[in-house]
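Me: I have a model open and would like to talk through it with you. Shall we take it one question at a time?

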Number of protein chains: 6
Amino acid sequence: MPYVNIRVTDEGVTAEQKQALIEGATDLLVRVLDKDPATTFVIIDEVATDNWGVDRESVTARRRRETAGRK
Amino acid sequence: MPYVNIRVTDEGVTAEQKQALIEGATDLLVRVLDKDPATTFVIIDEVATDNWGVDRESVTARRRRETAGRK
Amino acid sequence: MPYVNIRVTDEGVTAEQKQALIEGATDLLVRVLDKDPATTFVIIDEVATDNWGVDRESVTARRRRETAGRK
Amino acid sequence: MPYVNIRVTDEGVTAEQKQALIEGATDLLVRVLDKDPATTFVIIDEVATDNWGVDRESVTARRRRETAGRK
Amino acid sequence: MPYVNIRVTDEGVTAEQKQALIEGATDLLVRVLDKDPATTFVIIDEVATDNWGVDRESVTARRRRETAGRK
Amino acid sequence: MPYVNIRVTDEGVTAEQKQALIEGATDLLVRVLDKDPATTFVIIDEVATDNWGVDRESVTARRRRETAGRK
């Protein structure tokens with residue numbers, strides 16, 4: 001009965017990628033801990049880049065710097 | 001001071017149903033553990049069906065199969 | 001497929017009370033949203049009173065004040 | 001490597017306020033526990049007022065009462 | 001910068017299995033979403049069987065029934 | 001009514017440090033968003049180093065490498 005919560009930034013994750021995350025996480029729990037896939041939940045939270053901070057800045061600010069740095 | 005987090009798929013939960021969940025969860029904590037309702041939080045997360053997986057597939061895919069099966 | 005997470009302070013919750021919380025939360029989701037109990041998860045987290053803060057103090061400190069105040 | 005999750009009602013938090021929360025939470029972990037800011041995550045969840053309950057009612061209902069009371 | 005939280009019942013997960021979950025979840029995020037492993041967190045919560053409910057009963061009660069049924 | 005959840009590795013956080021985290025996080029929400037401290041919850045989760053992964057390894061393994069590297 002595992003519960004897997006995957007939190008990522010909201011930067012265009014497609015339905016296919018979500019399906020791949022669901023399958024991959026479920027298979028991982030089946031393979032490593034012999035869990036029943038029928039009661040394995042995988043929940044994906046997409047978080048706005050303004051709302052995710054790392055190293056004292058939002059991912060929005062970080063992406064802006066990264067883009068500027070590439071020019 | 002309990003904190004109750006209810007996560008459900010985003011499939012048309014009404015404001016009345018949310019209110020019923022808030023009341024029911026608060027009353028449960030008061031009844032079973034004698035908690036103070038004034039500091040009992042209930043937070044409802046509605047998760048897109050693409051983002052909720054069970055049994056290796058998204059709820060979107062599951063609902064599609066269920067609908068097809070009914071025909 | 002709901003997921004309910006109940007977080008309370010670790011102050012002697014019994015197995016019977018946990019069972020009552022599990023039943024009550026499941027029944028609430030069945031009654032209000034017509035969810036399937038077979039895939040309704042209820043997870044109870046018991047948090048040490050040192051680790052739960054409200055109103056700028058830990059529950060440990062609050063309980064100490066409450067006990068002192070009663071004398 | 002701390003993970004800080006701040007959940008607040010969705011009532012017009014600005015990007016500047018989010019940035020202040022990210023900086024403040026990161027600095028707190030650095031100051032108190034000497035954590036590395038480069039691997040300190042701060043994630044802000046904005047929750048609709050219909051979905052946040054306290055004292056048996058949604059924040060939507062509470063705000064309505066507060067506004068009515070002020071007249 | 002993904003955050004993956006895996007919640008399972010506390011039923012003897014070994015350090016090797018935890019390591020396998022950490023590697024598998026990280027690799028999944030790298031493969032599907034091209035995330036940087038250096039900032040991918042995987043946190044495993046082991047929940048006491050008394051504290052995990054499914055289908056209106058605790059996993060403790062369910063395991064007891066399963067064991068009795070096998071005799 | 002904010003809810004702040006701080007997750008850190010379980011590496012000897014003292015009661016004084018927990019109190020400092022509770023005060024600091026509460027004050028942050030008061031300062032930035034003018035929240036009421038009386039209904040601001042701060043919950044600290046201490047996670048075993050075997051159960052926290054970053055960069056494809058547990059913090060237990062990482063600390064072992066760091067210690068070895070220092071010799």
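Me: Which residues does Asn5(A) touch, not counting residues up to four places away in sequence?

Reply: Happy to help, and do keep in mind that this is a predicted model. Asn5(A) sits in strand 1 (residues 3–9) of chain A. Leaving out residues up to four places away in sequence, Asn5(A) touches Ile43(A), Asp45(A), Arg7(B), Tyr3(E), Val4(E) and Asn5(E).

Me: Is Asn5(A) buried or exposed?

Reply: The cut-off for buried is under 20% relative accessible area. Asn5(A) has 8% relative accessibility, so Asn5(A) counts as buried.

Me: The side chain of Asn5(A) reaches which backbone oxygen?

Reply: Start from the contact list of Asn5(A), which includes Ile43(A) and Asp45(A). At 3.0 Å, the side chain of Asn5(A) reaches the backbone oxygen of Ile43(A).

Me: Now the sheet: which strands stand at the edges of the 8-stranded open sheet?

Reply: The order is 4(A)-3(A)-2(D)-1(D)-1(F)-2(F)-3(C)-4(C), with mixed pairing. An edge strand here has a single partner strand, so one side of it is left without a neighbour in the sheet. That describes strand 4 (57–58) of chain A and strand 4 (57–58) of chain C.

Me: In what sense do strand 1 of chain D and strand 1 of chain F pair?

Reply: In the sheet order, 1(D) is followed by 1(F). Val4(D) stands opposite Ile6(F) in strand 1 of chain F. The two strands, residues 3–9 in each chain, pair over 5 bridges, and the sense is antiparallel.

Me: At about what angle does helix 1 of chain D run to strand 2 of chain D?

Reply: Helix 1 (residues 15–33) of chain D lies across strands from chains A, D and F, among them strand 3 (52–54) of chain A and strand 1 of chain F. Relative to strand 2 (41–47) of chain D, the helix runs at about 140°.

Me: What axis relates chain B to chain C, and which C-alpha of chain B is nearest to it?

Reply: A rotation of 180° with 0.0 Å of shift along its axis superposes chain B on chain C, at an RMSD of 0.0 Å. That is the relation of a two-fold axis. In chain B, the C-alpha nearest the axis, at 2.5 Å, is that of Asn5(B).

Me: And what axis relates chain C to chain E?

Reply: Chain C is superposed on chain E by a rotation of 120° with 0.0 Å of shift along its axis (RMSD 0.0 Å). The relation is therefore that of a three-fold axis.

Technical notes
Residues numbered from 1 in each chain as written. Chains lettered and ligands numbered in written order. Predicted model: local features only at pLDDT ≥ 70, side-chain atom pairs only at ≥ 80, totals over all residues. Heavy atoms only, no water. Helix = DSSP H or I, 4+ residues; strand = E, 2+ residues; numbered from the N terminus. Buried < 20%, exposed > 50% of the residue type's maximum accessible area, 1.4 Å probe, protein only. Polar contact = N/O pair within 3.5 Å; in protein donor to acceptor, adjacent residues only side chain to side chain. Contact = heavy atoms within 4.5 Å. Least-squares fit on C-alpha atoms with pLDDT ≥ 70 in both. Pairing = 2+ DSSP bridges. Axes fitted to C-alpha atoms, helices over the stretch in contact; angles between N-to-C directions.
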